[in-house]
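The following exercises are intended for a reader who meets this protein for the first time. Please examine the sequence and the structure before attempting them.

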Amino acid sequence: MRIRAALAVTAAAAGTFAAVAATPAQATEYSSALKVKGVQYDAPGRDSNSCSTGNTRNEYLTIKNYSSSATVNLKGYVVKDAVGTTFTFPSNHYLQPGDYIKLRGGHGTDSDTNNVVFRQNCNFLWNNDKDTIYLYKPSGARADVHAYSASSNDRDGNGYITYHG
């Protein structure tokens, strides 16, 4: 009987801890074939969101299909930052097992052959100091999440962070 009571207290305490630790956790593993492989959160050069001369297309998020057998359609997947700026993949883009796609800022032509989708927006999505990257399935379930800070996660200072190898 005491063991059960101790387990109940431990479970209750764990539930309390889980509620307190509801912020994005790098250790959380979501049930999804698609994951964030990396982010070029700080585009090389001086930041300029001018559509004609800016460098927003050099800021990108790489999403990879880590499944060994399932092809995944990106249509309806949502990418979001910490303040709620979102991009929803509007078209069919099929990622074969092991394949990836780069979601770039700026304007351009989406290409499955070149593994690129453009946000058709010249504003930067990721902050250069810190941010959180959310990836949601079309169902609304979370597929992946990563919080970063330039000082903690970008040791070589090149503006790129790798996740999931």
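Five exercises follow, each with a worked solution.

**Exercise 1. Confidence and overall content**

Determine how far the predictor trusts this predicted model, and state which secondary structure elements the protein holds.

Solution. Step one concerns confidence: the mean pLDDT of the protein is 86, and 82% of the residues score at least 70. Over residues 1–27, however, the pLDDT is below 50, and this stretch has seven contacts in the model beyond near neighbours in sequence. Step two is the inventory, which gives two helices and eleven strands. Along the sequence, these elements follow the pattern α-β-β-β-β-β-β-β-β-β-β-α-β. Step three turns to the surface. Of the 165 residues in the protein, 36% are buried. The accessible surface comes to about 9100 Å², and carbon and sulfur atoms account for 52% of that area.

**Exercise 2. The disulfide**

Identify the cysteines that form a disulfide, and explain which parts of the chain they tie together.

Solution. The sulfur atoms of Cys51 and Cys122 are 2.1 Å apart. A disulfide requires cysteine sulfur atoms within 2.5 Å, so this pair qualifies. The count for the model is one disulfide. The link of Cys51 and Cys122 is right-handed, with 120° about the S-S bond. Next, locate each partner: Cys51 lies in the loop between strand E1 (34–40) and strand E2 (60–65), and Cys122 in the loop between strand E8 (116–118) and strand E9 (130–136), so the link ties together parts that are 71 residues apart in sequence. Finally, consider the surroundings of each cysteine. Cys51 has a relative accessible area of 55% and is therefore exposed, the cut-off being over 50%. Cys122 has a relative accessible area of 6% and is therefore buried, the cut-off being under 20%.

**Exercise 3. Strand pairing**

Establish in which sense E7 pairs with E2 and in which sense E7 runs with E8.

Solution. Begin with E2 and strand E7 (residues 100–104), which pair in the antiparallel sense over five bridges. Within this pairing, Ile63 has Ile101 in E7 as its bridge partner. Then take E7 and E8, which run parallel and are joined by three bridges. Here Arg104 has Phe118 in E8 as its bridge partner.

**Exercise 4. The largest nonpolar core**

Find the residues of the largest nonpolar core that touch the most other members, and trace which strands supply the core.

Solution. The core has 24 residues, and Leu61, Val79, Phe89 and Trp126 touch the most other members. As for its sources, E1, E2, E7, E9 and strand E10 (142–149) each supply at least two residues. The largest share, three residues, comes from E1. Trp126 may then be followed further: leaving aside neighbours within four places in sequence, Trp126 is in contact with residues including Val39, Leu61, Val79, Ile133 and Tyr148.

**Exercise 5. The setting of Arg142**

State whether Arg142 is buried, partly exposed or exposed, and list the residues that Arg142 touches beyond four places in sequence.

Solution. First, Arg142 is placed in strand E10. Second, its relative accessible area is 29%, so Arg142 is partly exposed. Third, leaving out residues up to four places away in sequence, Arg142 touches Tyr30, Tyr134, Leu135 and Tyr136. Fourth, take Tyr30 from that list: Arg142 and Tyr30 are 112 residues apart in sequence, while their C-alpha atoms are 7.0 Å apart in space.

Methods: Residues numbered from 1 in each chain as written. Predicted model: local features only at pLDDT ≥ 70, side-chain atom pairs only at ≥ 80, totals over all residues. Heavy atoms only, no water. Helix = DSSP H or I, 4+ residues; strand = E, 2+ residues; numbered from the N terminus. Buried < 20%, exposed > 50% of the residue type's maximum accessible area, 1.4 Å probe, protein only. Pairing = 2+ DSSP bridges. Core = buried A, V, L, I, M, F, W, Y, C linked by side-chain atoms within 4.5 Å. Contact = heavy atoms within 4.5 Å. Areas by Shrake-Rupley, 256 points an atom, 1.4 Å probe, with all protein chains shown as cover. pLDDT = per-residue confidence, 0-100.
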